Amino acid sequence: MFSGHHHHRHRPPPDAIIPHPPPHNLPLQATAHLPPSFPFFHVFAELFLHLHLQSPQSQTAIQMLRGAYLSLLLAWGAMSMTVHSQVDSCSSSFLSFLPLPFNASQLNCRPVWRNFILRYSQNRDNTLSIILSAVYTSGWVGIGFSSDGMMTGASAMVGWIDIGGRANIRQFYLRGQTSSEVMVDEGQLLETGVAPAVILYGNNIYLAFQLNVSAPMAQQLLLFALSTATPVEFYLMEHDDKASVSFDFSVGTVAEPSSYSNQLKRNHGALGILGWGVLLPVGAVVARYCRLWDPMWYYLHVIIQFVGFLAGFAGVVAGIALHRRLHSDVTLHRGLGIFILVLGILQVTAFFLRPGKGSKIRKHWNWYHHWVGSLVIFLAAINIALGIQVGEAGNSWKIGYGIILAIISIAVALLESMRWWSRLSEKTTEPPAF
């Protein structure tokens, strides 16, 4: 989700907190707090005194009891360390290690994705307090606020522990998907005067921050992501995993973004690839390389192109509906799609205005039809690849369309080579002109 570049402003960093080393020199990754008075201490003290006064072998017994006492002490400490090193859950109500005001007990709590836990509260001043926790070993974790469930245009809070052990939490604006378009210390999230904090406690990292919202937040599309690569100079390496969920802060419900929108996005992509990316190129191949099958090639060409145009047109309609629902900022993809549709309509119109073979303008019509059709296929291939990218469709779509492009390209290269070889053969076998 988040890959970034260090375009940071020179300002003092927010208060980022790592807890002080816990008692008894326990490691930070397994923080455990032993009670000030061990529950068995007084029992053992009385036994020591009793045996010292009454038993002739008191010294041996005392040594044995001391050994048992130390064993229990170590077992108690190990148990405490295990408790604190477990994965966080909403049943873990202890937040005393968090700074004010994030250690309040009235925070709502919901698991949101994988081992990510979201704690939150809103007050009457429209201040939204958020604590995001996740299992942490290295790298960064982040939470983004999106208008359409996609990375581009979202603002995110990202936290990590750097190599030197310093905690960091920053806001990033995800202007695009490239490194240079992810801007540190920028974004549309309005933070309050309460400094955000990052705390490593046990096996978990906690991101705590407050936002000013114009009205009580209800339904919101949230992005969650993580990476095991530790940022250097605020440069965020690409995420290892990500998710987009629809979260209702008013009732605390978690759901995937609208299944209708997801299905609409898939339909838009599938219809576009089928129509503009498969059928139209195949129809063009038939028209160029299958002329020997006259007039069958013509009917095949017309049928394939019409079906391809209808599938592509349906994909454009799905794209328009998707844009009206999500208001995605995909200006280039949308503009190219409209331009390709206009050229496709011109091609269909030209078919009905096709002059006869004996017409003087038939030559010009053939030239126009060939080059406009080639332009449509070329631009469609670019726009399909762009759509897969901006739609964050994933590697399966990239690989699938890459295979389609490879098959069509290899077939065209072979057929074109055969065509040129046939022409050369005809020229070399012609009889002398005298």
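In this predicted model, Phe249 reaches well beyond its sequence neighbours within four places: its contacts are Leu118, Tyr120, Gln122, Leu128, Ile130, Met217, Ala218, Gln220 and Leu222. Phe249 is also among the residues with the most contacts inside the largest nonpolar core. Phe116, Leu118, Ile143, Phe145, Leu222 and Phe224 share that standing. The core has 47 residues. Strand E5, residues 154-161, supplies the largest share, with 6 residues. Another core lies apart from this one. That second core has 16 residues, including Val316, Leu341, Ala380 and Tyr401.

Strand E5 also takes part in a hairpin. Its partner is E6, with 5 residues between the two strands. The turn contains Gly165, whose phi is positive, about 90°. E5 and E6 run antiparallel and are joined by 8 bridges. One pairing links Ser155 to Tyr173, its bridge partner in E6.

Strand E6 spans residues 167-174 and is mostly covered. Of its 8 residues, 8 are buried. Ala167, Ile169, Gln171 and Tyr173 point one way from the strand. Asn168, Arg170, Phe172 and Leu174 point the other way. Both sets are buried, and they include Gln171, Asn168 and Arg170 as well as Phe172 and Leu174. E6 pairs further with strand E7, residues 182-184. These two strands run antiparallel and are joined by 3 bridges. Leu174 of E6 stands opposite Val182 in E7.

The disulfide count comes to 1. The bond is formed by Cys90 and Cys109, whose sulfur atoms are 2.1 Å apart. The angle about the S-S bond is -85°, and the link is left-handed. Cys90 lies in the loop between helix H2 (58-85) and strand E1 (108-113), while Cys109 lies in E1 itself, so the pair ties together parts that are 19 residues apart in sequence. The two cysteines fall in separate burial classes. Cys90 is partly exposed, at 33% relative accessible area. Cys109 counts as buried, at 13% relative accessibility. Cys290 is likewise buried, with a relative accessible area of 14%; the cut-off for burial is under 20%.

The loop between H2 and E1 holds a further feature, at Pro101. A cis peptide bond joins Leu100 and Pro101, with omega about 0°. A cis bond also joins Asp294 and Pro295, again with omega about 0°. Pro295 sits in the loop between H3 and H4. Most peptide bonds are trans, and most residues other than glycine have a negative phi.

Positive phi values occur at two residues of another loop. Glu233 has a phi near 55°, a positive value in a residue other than glycine. Glu233 is found in the loop between strand E10 (219-227) and strand E11 (241-248). Phe234 has a phi near 65°, also positive and also in a residue other than glycine. The loop between E10 and E11 is the place of Phe234 too. Their accessibilities place them in opposite classes. Glu233 counts as exposed, at 55% relative accessibility. Phe234 is buried, with a relative accessible area of 16%. The cut-offs applied are over 50% for exposed and under 20% for buried, so Glu233 and Phe234 fall on either side of the partly exposed range.

The largest pocket encloses about 1,500 Å³ of space. Its lining comprises 43 residues. Ala284, Ala287, Arg288, Arg291 and His370 lie nearest the pocket centre. The elements that give two or more residues to the lining are helices: H3 (259-289), H4 (296-326), H5 (331-352), H6 (362-390) and H7 (395-428). H6 gives the most, with 10 residues. His370, one of the residues nearest the centre, falls within the range of H6. Ala284, Ala287 and Arg288, also nearest the centre, fall within the range of H3.

Notes
Residues are numbered from 1 along each chain as its sequence is written. This is a predicted model: local features need pLDDT of at least 70, side-chain atom pairs count only at pLDDT 80 or more; totals for chains, interfaces and linings use all residues. Side-chain values use heavy atoms; hydrogens and water are left out. A nonpolar core is a set of buried Ala, Val, Leu, Ile, Met, Phe, Trp, Tyr and Cys residues joined through side-chain atoms within 4.5 Å. Buried means under 20% relative accessible area, exposed over 50%, partly exposed in between (1.4 Å probe, protein chains only). Helices (H or I, at least four residues) and strands (E, at least two) are DSSP runs, numbered from the N terminus. Contact means heavy atoms within 4.5 Å. Two strands pair if DSSP finds at least two bridges between them. A disulfide is a pair of cysteine sulfur atoms within 2.5 Å. On a 1 Å grid over the protein atoms alone, a cavity is a set of points where a 1.4 Å probe fits but cannot get out, and a pocket is an open set with protein on both sides within 12 Å along at least five of seven lines; lining residues have an atom within 4 Å of a point. Grid points are joined across faces, edges and corners, and a volume is the space filled by probe spheres set on the points.
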